[in-house]
Amino acid sequence: MKVILKDNVIYAFSPGMKPVAHVHAGETVQFETLDALGGQIQNEEDVMNLDFSKVNPATGPIYVEGARKGQTLVVEILDINISSDRGVIVAEEGFGVLRDVVKGFRAKILPIRDGCVIFDGLSIPIKPMIGVIGVAPEREEFPTGTAHKHGGNMDTKEITVKSRIHLPVFQDGALLALGDVHAVMGDGEVCVSACEVPATVTAKIEVEDRTIDWPIVETEEHVCVIVSLPELKDALEEATRVAVKMLSEARKISFEEAYMLASLIVDVGVSQLVDPNLTAKAKIPKRYLA
Ligand code: CA
Ligand code: CA
């Protein structure tokens, strides 16, 4: 199995980025990932010296042989192994949902023991997930902290073990990179960060010959449309529109019929409210797409 070491990182997804490895469709790859702060915060005081140019590293990119522009890359997450016995969370003035209320810049080290994150004596069961996963975009360059059609910083908790992440391929080879693993996160990621951890992610990479507009996360139960745009309202509307279109096509019913069906079965929600583009999700139970 190919291993992509954690010193191969990018800080932006760009159309012309250079691969650090080549893999074939069907291959399984392991990515070592740094935490979203680049491992810079080992003590709570380290926050004062944080170098923001080293934030949000993503490991890669890898060139997937056979992946062509217009196709879909499918990344099946086989394992997320947290490679530390502690994580870190930060809160900063000017960031997060309550950006005008929060004061100062604080970090908190969170021990991880027996499958739980420990927060002031509270044990919170871990649910490891991948914050950043994406491919080379079509034209524009996006910092790894920004999500859009290429994926990126979607901070969606459904991006977890056993999920299949479908990403539109905009450049030959797709150029996949990932990082920003969280031991646990709630929808919204309200304070701007989660329990940030280094990890090893094992994924099987496949290519499918169909075109999608936005990333889709397939779990055991749901197909989840992920849309990231500067305004939350626009992201919610676009995620809903894509979900209705998928229902309409799958069931061969009119848009209006699918719209009504969606109102009964689709859960529209928020992945994160704190990154430069905000991420909405529309979850369709798989059985209605069959
Ligand atoms: Ca993130
Ligand atoms: Ca993060």
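## The largest pocket

In this predicted model, the largest pocket has a volume of about 520 Å³. Its lining is made up of 26 residues, and those nearest the pocket centre are Val55, Asn56, Phe95, Val192 and Asp275. By residue class, the lining comprises 13 nonpolar, seven polar and six charged residues.

Two strands, S8 (86-92) and S17, each contribute at least two residues to the lining of the largest pocket. At the level of domains, both domain 1 (2-212) and domain 2 (222-288) provide at least three lining residues each.

## Calcium ion (ligand 1)

The calcium ion (ligand 1) is held by oxygen donors from three residues named here in chain order: Asn153 through OD1, Asp155 through two OD contacts, and Asp180 through OD, at 2.2 to 2.5 Å. Along the chain, these donors follow the spacing N-x1-D-x24-D. The site thereby links distant parts of the chain: Asn153 belongs to strand S15 (residues 151-153) and Asp180 to strand S17 (residues 176-182), with the two positions 27 residues apart in numbering. Both Asn153 and Asp180 are buried.

## Calcium ion (ligand 2) and the shared donor

Around the calcium ion (ligand 2), the protein donors are Asp180 (OD), His182 (NE2) and Glu196, the last of these appearing with two OE contacts. They lie 2.3 to 2.4 Å from the ion, and their spacing along the chain is D-x1-H-x13-E. Like Asp180, His182 is buried.

Which residue coordinates both calcium ions? Asp180 does, and the calcium ion (ligand 1) and the calcium ion (ligand 2) are 3.3 Å apart. Strand S17 (residues 176-182), which holds Asp180, is also one of the strands that supply at least two residues to the lining of the largest pocket.

## Helix H2

Helix H2 spans residues 255-265, and its buried residues include Ala258, Leu261, Ala262 and Ile265. Viewed down the axis of H2, the buried residues fall within an arc of 105°, so they line one face of the helix. An α-helix has 3.6 residues a turn, so residues three or four places apart point the same way.

The face of H2 turned away from the buried side carries exposed residues, namely Glu256, Tyr259, Met260, Ser263 and Leu264.

Notes:
Residues numbered from 1 in each chain as written. Chains lettered and ligands numbered in written order. Predicted model: local features only at pLDDT ≥ 70, side-chain atom pairs only at ≥ 80, totals over all residues. Heavy atoms only, no water. Donors = N, O, S within 2.8 Å, 3.2 Å for Na, K, Ca; no water. Helix = DSSP H or I, 4+ residues; strand = E, 2+ residues; numbered from the N terminus. Buried < 20%, exposed > 50% of the residue type's maximum accessible area, 1.4 Å probe, protein only. 1 Å grid on protein atoms, 1.4 Å probe; cavity = no way out; pocket = protein on both sides within 12 Å on 5 of 7 lines; lining within 4 Å. Points joined across faces, edges and corners; volume = space filled by probe spheres on them. Nonpolar A, V, L, I, M, F, W, Y, C, P; charged D, E, K, R; others polar. Domains from an automatic or database assignment. Arc of directions from axis to C-beta.
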